[in-house]
Amino acid sequence: MDERDVRLLKAIADLGTGSPEALHETTDIPVSTIHYRLNNLREAGVIENDLYDFDHEALGLGVTVIVEVLARYEDSHEEFGQRLLDIEGVTEAFFTMGETDFVVIARLSSSDSVERLISEFEAIEGVERTNSTFTISTLRDESRAPATYELDTLIDELTE
């Protein structure tokens with residue numbers, strides 16, 4: 001990855017679009033070069049998709065719950081984690097080190113849905129305990145990590 005790739009990725013993160021025209025306006029990189037580089041970044045697995053982002057609150061899924069899961073399981077953490085991911089509303093799950101085995105984030109429609117979520121977690125064989133935290137407000141919900149960095153930092157850290 002070189003500086004032009006990093007500039008494109010930062011612009012995508014900041015603009016929330018992969019539109020070659022919008023990227024050209026921001027980066028001054030020629031549109032044909034942008035097409036070429038975006039295809040290369042897709043092939044390299046750096047860009048995974050062209051999905052639209054949702055405002056979860058406007059969608060009706062505005063209750064965010066962070067759940068710590070302490071577990072004892074026989075199979076791999078990937079297999080156990082998949083059982084957590086199979087529960088409706090779970091948007092992210094992390095296998096962690098320390099006292100907590102997994103941290104799970106769920107987007108729900110109401111506080112009534114939290115009881116269902118926790119009951120489903122606790123019904124999974126191997127779940128010993130859960131600890132749930134309701135979020136009061138979202139300070140940042142950025143799925144595009146480059147948006148949280150200065151361009152110069154990204155260039156210094158990511159280019160060869």
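**Close-up views of side-chain packing and pairing**

**View 1. Phe80, at 0% relative accessibility, counts as buried in this predicted model.** The ring of Phe80 pairs with that of Phe102, the centres lying 5.4 Å apart and the planes meeting at 35°, so the arrangement is tilted. Phe80 belongs to helix α5 (residues 77-85) and Phe102 to strand β3, so this pair ties together parts that are 22 residues apart in sequence. Phe80 and Phe102 are both buried.

**View 2. Aromatic ring pairs link Tyr73, Phe80, Phe95 and Phe102 into a cluster.** Across the whole structure, a search finds four aromatic pairs. In one of them, Tyr73 and Phe80, the ring centres are 4.7 Å apart and the planes stand at 20°; the pair is therefore stacked, since planes under 30 degrees apart count as such. Tyr73 has 24% relative accessibility and counts as partly exposed, whereas its partner Phe80 is buried at 0%. A pair of aromatic rings is described by two quantities, the distance of the centres and the angle of the planes.

**View 3. The largest nonpolar core of the model has 18 residues.** Those with the most contacts inside this core are Val67, Val69, Leu84, Leu117 and Phe121. Strand β1 (63-71), helix α5, strand β3 and helix α6 (112-122) each supply at least two of the core residues. In soluble globular proteins, nonpolar side chains tend to be buried together.

**View 4. Val67 is shown with the residues it touches.** Residues up to four places away in sequence are not counted here. Val67 touches Phe102, Val103 and Val104, and also Leu117, Ile118 and Phe121. Further residues touched by Val67 are Thr130, Asn131 and Ser132. Apart from the largest core, a second, separate core has ten residues, including Ile29, Leu38, Leu41 and Ile47.

**View 5. Lys10 and Asp14 form a salt bridge within helix α1 (residues 3-15).** The closest N and O atoms of Lys10 and Asp14 are 3.1 Å apart. Because Lys10 and Asp14 are four residues apart in the helix, about one helical turn separates them. Lys10 is buried, with a relative accessible area of 11%, while Asp14 is partly exposed at 48% relative accessibility. Side chains of opposite charge can pair when their charged atoms come close.

**View 6. Asp75 and Arg83 are joined by a salt bridge.** The closest N and O atoms of Asp75 and Arg83 lie 2.8 Å apart. Asp75 is partly exposed, its relative accessible area being 27%. Arg83 is partly exposed too, with a relative accessible area of 31%.

**View 7. A salt bridge connects the side chains of Arg129 and Glu99.** The N to O distance between Arg129 and Glu99 is 3.4 Å. Arg129 lies in strand β4 (residues 127-134) and Glu99 in the loop between β2 (90-95) and β3 (102-108), so the pair ties together parts that are 30 residues apart in sequence. Arg129, with a relative accessible area of 42%, is partly exposed, whereas Glu99 counts as exposed at 61% relative accessibility.

**View 8. Asp2, Asp5 and Arg37 are linked in a network of salt bridges.** In the model, the count comes to ten salt bridges.

Key:
Residues numbered from 1 in each chain as written. Predicted model: local features only at pLDDT ≥ 70, side-chain atom pairs only at ≥ 80, totals over all residues. Heavy atoms only, no water. Salt bridge = Lys/Arg side-chain N within 4 Å of Asp/Glu carboxyl O. Buried < 20%, exposed > 50% of the residue type's maximum accessible area, 1.4 Å probe, protein only. Phe/Tyr/Trp six-rings, centres within 6.5 Å; stacked < 30°, edge-to-face > 60°. Core = buried A, V, L, I, M, F, W, Y, C linked by side-chain atoms within 4.5 Å. Contact = heavy atoms within 4.5 Å.
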